[in-house]
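Grab a pencil and work through these exercises with the structure open beside you. Try each task yourself before you read its solution.

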Amino acid sequence: MAYIAPIHRPTSVRHALRTHLLSADEESLVLSKANRIEIWRLSENTLTMVHSKVINGTISVLQKLRPVFSQTDLLFVGTERFEYFTLAWNPETAQLDTAEPFTDPGEHHMRDSQSHDKCLVDPSGRYMAMHLWEGVLTIMRLGNRKNTATTLEWMDQVRLSELFIKASTFLYTETGHPKIAFLYQTRADSHDSKLATYRLTSDDRDTLASRFDAARDRDLDIDVPDAGATMLIPVRKVEEEVKRHNFRNVETAKAHLGGLIVVGETRLQYIDEVTKRMVESSLKEASIFVAWTEYDTTHYFLADDYGSLHLLSIITNGVVVTGMETTRIGTTSRASSLIYLGNSLLFVASHYGDSQLFRIDLRSEKFQDIIQLVQVLPNIGPILDFAVMDMGNRENDSQLGNEYSSGQARIVTGSGVHKDGTLRSVRSGVGLEDVGILGDLDHTRKLFSIASCGSGKADTLVVSFLTETRVFKFDTDGEVEEVESLCGMAFDKQTLLATNLPYGQLLQVTTTGATILDAESGVTIASWAPGGERVITNASANPHWLLLSVGGTALVSLSLTNNLDVIQEKEISERDQIACIHVAPQLSDVGVVGFWTSGTVSIIDLSSLQPIHGESLRKSQDDASVPRDLVLVQVLPREVAGPTLFVAMEDGNVVTFSISDDFKLSGRKSVILGTRQARFHLLPQQGGIYSIFATTEHPSLIYGSERRIIYSAVTAADATCVCPFDTEAFPGAIVVATDSQIKISQIDTERQTHVVSLPMGEMVRRIAYSPAEKVFGLGCIRRELLNGEEIIESSFRLVDEIKFDQVGKAISLRTPSVTEMVEAVIRAELLDSYGNLVERFIVGTSYLPDPDYGTTSDIRGRIIVLGIDSDRNPYQILEHRLKGACRSLATMNGKIVAALTKTVVVSSYEETSTTTGQLTRLASYRPSTYPVDIAIQGNTIAVADLTKSVSLVRYEAGEEGASPKLVEVARHYQSAWATAVCHVEGESWLEADADGNLMVLRRNPEGVTAEDKRRLEVTSELSLGEMVNKIRSISVETSPGAMIIPKAFLGTVEGGIYMFGTVAPHAQDLLLRFQAKLATVIQTAGHIEFRNYRSFRNGERQGDGPFRFLDGELLERFLDVDEKTQQEICQGLGPSVEDLRNIVEELRRLH
């Protein structure tokens, strides 16, 4: 059984709207990203997201409607599965409410429209036309009465003679009757353009839909001279001083404002809606325009396919149109939509790169000042390829992760298209940004920040080592000085505790005693030392009490308000020892003690050292785990919950308890943070709450958010000690000690996805990571438009993993008379000419014949083997020419496997010198149509075919002089347009297809018949809703009781990164029933059923819900609902609400 959960949600923006959604006085920007709707507010020239809504479906249509008598808009949303609904903003709940859902099942004999689903709304905001099927137009409208104003009424579904529509729009009309225009071509294979306009309705009350009869109902029917035209822009009417009348002789009429612009590749054509008079203008240079938005009645912004922004101006004489011109005004991301927000602000929504907000100054005389970038909304889609750099563990360059990494994997993606291409480093977690390094100091035991006399903020750092203490003082500018003495503190011993006390006093606790010092004079006010040769092993304090562990066998309670008077001393029985102690900072008389032998924890009264309440932490007699650290603090706001006790166990578990007013422990939870004990470090936050920095092999931040406690990985794998350091020079900072140095850092308050971007200016089509060389090898494609000619060049280049910048010289992949495209890049360990394993990059290319030269040879691609020299420059070792394009590469036991056009070939590789080598063909296999991806496990090759799913091929070495061969051992007999394949475990493989489906296929070598053994059976399937471009397998160590075992990462066209895993057998039944219960209880916008959303669907069949596949995003919504709903979900499942919360928290920490 399989599991999938998002690491990085899709960021590609497909649709954008400017709308009065939140209120009549405020305009909002609404964006759609895969299956989410986001509402953004513009304030102080900055966009801020105010709401996000998940949809059970991939959004294909987004429009706004304006009901009659309403001052706000409705959102109309459609999904790829033809499910539609309207959404209205509820100001009382601050949520989007579903106003009206409905489904269009369509007709099975209808063909999908050739372009994307189109939804048009007329200028009044009440009439809607949808073009979903070829030659069919669906017409709807909002009701006219107050009680039906938000109800969409079905008018008709009419047949169109215009089958191949390229663009369509509603027009601004003088009569007020809705009119629609179609830009179409006569046949699918014809290169022409025609324009037709129709009135949408046939009666004066606009209640009956027109029949759209080409012979009788067409209002306009003309040939467009520019065959490449793909865009229509409706032009608003302008009030005229002298109202014009309909002309009987249109030959003498002039074109007025209020019509339509046909935008072509080489010319513009304006058509008056009333008189049908036309005005044509030629473009200065040919362009392919992809998006537009209105600036005012006579000016429009146009975006082209190459990322240039143009201003289209209508030249007028009064209201008479005399011409048009376009002017290039800047460069943006390649736009999927343009939205003018007013106040000279333009939003560029992009699927191909980052979405951007620009300030426009059309009066500027300087070209570079016309558009100025104000804000960027990052987008890592489309992800063309990615590499898993590490799994949160860089020791010995290990790629092996563990289940506690909590999203620590660093994934480097090749993102964006053409000039928007970038290299992105993606890591999820709580970010640490180093702002300074104190020095190289080894083996730090503890850190403390204190304020010197007269300082309102901390300005001194106390660093404790095994045998000494060192102190560093900071001034207001951040300059640091190590001091030889401070307030009479002892520097020749290890400091266990140092903190400020009220009234200008300072407390220092060492292994030999406790001392209260005057912070101004350094005079010792009071001191205490254990008798004999006993030493203090642990200390904890709040402003009133100091609790000490002496020799691990005695507890001593000292009053800080009475100059270290011994209030109580208690010897622990010989059968037990003190493992850890803690004094609650917000509970004046309460402490906590953890015991070694018994494995228990007790809340004690500090005035008497008597236990108030105790709890055993061991679940069985065989459990020998010991509590090693404690904190009792307020992590959630007081109105949400009381204090929480955190206990770090020796085995890496963190056990938590809720504390009642009478200090009873309840609501036990257990979370695994690592394989060794965690150390807790308190970080005060605003509002009287704390965050906890837990240091283990994978540090985590424990904090409160959304009414629950969250454990999130921190992007600092080597932290050992931490303390807050809120100084004048470094406000809100912390100090982090590692095994070798001490750093000052800024820390995020909660988990975020951290993306570091390296703009490449070209498309990063393929990426491979070399741990030995510590570089990424990139296969890049550059597209430029020079003097009206499109130039495409490929290259291979290196990027350093540390500096995240290009190194060495790029190798241009260029062959005369053809365009060479990089298709595959892999890293491999191969034998050099001396027999040593060395790092090599292998590049596969394809040739696109130049139409000016034609086909001059039978060579269709190359395989190139590259080495890296001492100056980190790539150099060529081997060039092997192919008669087929090389689409994918892999290595198998030192052999190179290449997926060529219609062939998979296994070749041996041999380096004959440091700069020469040779490939020898050993065996080949011919797939059904065209191999698009390959994956290798042992001597088995999985071949993803363009149309025929996946086949498994085994490489058999020749015996007794026989030639090696590739033998097909199994096949998936259903058709699927495969895009990627990956090995999961054993005989299981993961396949992704172009329809956004995921399938787990399993070979059964123990089948009864030969046919059973040759058939790949589907063991799990689900619709992800996004096309997966690449799947990378990962190796993860898990504990025996782990429910989910991560197996792979997936990168999608929409910019989503997902973690795929398998489900342990003992958890399958519970999690399947849990998911089914969640799906029935939790409602999403549009009331679309989860089972319909996630069911497999392609051109041949549709499943009935996800089959043995868990959706982690749905499971995690359990934490977002109220406790009453959680109890409803848990009924009949078995585990309690707390148990399921713990389970979901564990699942959440996997990604």
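**Exercise 1. In this predicted model, work out how the axes of helix α2 and helix α5 lie relative to each other.**

Solution, step by step:
- Start by finding the two helices: α2 covers residues 1065–1081 and α5 covers residues 1123–1130.
- Next, look at distance and angle, since two packed helices are described by the angle between their axes and the distance between the axes.
- Here the axes come within 9 Å and cross at roughly 130°.
- Angles over 145 degrees would count as roughly antiparallel, and 65 to 115 as roughly perpendicular. The α2 and α5 pair is therefore oblique.
- As for handedness, the crossing of α2 past α5 is right-handed.
- Now see who touches whom: α2 brings Phe 1074, Lys 1077, Leu 1078 and Val 1081, while α5 brings Thr 1125, Glu 1128 and Ile 1129.
- Sorted by class, that contact holds 4 nonpolar, 1 polar and 2 charged residues.

**Exercise 2. Compare the reach of α2 with the span expected at 1.5 Å a residue, then find its buried residues.**

Solution, step by step:
- Count first: α2 has 17 residues.
- The expected span uses one less than the number of residues, and for α2 it comes to 24 Å.
- From first C-alpha to last, α2 reaches 25 Å, which is close to that value.
- For burial, the list for α2 reads Ala 1067, Gln 1068, Leu 1070, Leu 1071, Phe 1074, Gln 1075, Leu 1078 and Val 1081.
- Thr 1080 also sits in α2. Is Thr 1080 buried or exposed? Its relative accessibility is 56%, and exposed means over 50%, so Thr 1080 counts as exposed.

**Exercise 3. Do the same for helix α6.**

Solution, step by step:
- α6 runs over residues 1137–1148, giving 12 residues.
- Its first and last C-alpha atoms are 16 Å apart, close to the expected 16 Å.
- The buried residues of α6 include Val 1137, Leu 1140, Ile 1143, Val 1144 and Leu 1147. Arg 1141, Asn 1142 and Glu 1145 are buried as well.

**Exercise 4. Look at the backbone of Phe 212, Cys 487 and Pro 382: what is unusual?**

Solution, step by step:
- Keep the usual case in mind: most residues other than glycine have a negative phi, and most peptide bonds are trans.
- Phe 212 is not a glycine, yet its phi is positive, about 55°. You'll find Phe 212 in the loop between β16 and β17, and it is buried at 3% relative accessible area.
- Cys 487 has a positive phi of about 55° too, although it is not a glycine. Cys 487 lies in the loop between β38 and β39 and counts as buried at 16%.
- The peptide bond from Gly 381 to Pro 382 is cis, with omega near -15°. Pro 382 belongs to the loop between β29 and β30.

**Exercise 5. How far apart are Phe 1049 and Ile 411, in sequence and in space?**

Solution, step by step:
- Locate Phe 1049 in strand β85, residues 1044–1052.
- Check its accessibility: at 4%, Phe 1049 is buried.
- Along the sequence, Phe 1049 and Ile 411 are 638 residues apart, but their C-alpha atoms are 9.1 Å apart in space.
- Now try another pair: Thr 1080 and Lys 803 are 277 residues apart in sequence and 49 Å apart in space, again C-alpha to C-alpha.

Methods: Residues are numbered from 1 along each chain as its sequence is written. This is a predicted model: local features need pLDDT of at least 70, side-chain atom pairs count only at pLDDT 80 or more; totals for chains, interfaces and linings use all residues. Side-chain values use heavy atoms; hydrogens and water are left out. Helices (H or I, at least four residues) and strands (E, at least two) are DSSP runs, numbered from the N terminus. Buried means under 20% relative accessible area, exposed over 50%, partly exposed in between (1.4 Å probe, protein chains only). Axes are lines fitted to C-alpha atoms, for helices over the stretch in contact, and angles run from 0 to 180 degrees between N-to-C directions. Angles under 35 degrees count as roughly parallel, over 145 as roughly antiparallel, 65 to 115 as roughly perpendicular and the rest as oblique. A crossing is left-handed if the near helix is turned anticlockwise from the far one by less than a right angle, and right-handed if clockwise. Contact means heavy atoms within 4.5 Å. Ala, Val, Leu, Ile, Met, Phe, Trp, Tyr, Cys and Pro count as nonpolar, Asp, Glu, Lys and Arg as charged, and the others, Gly among them, as polar.
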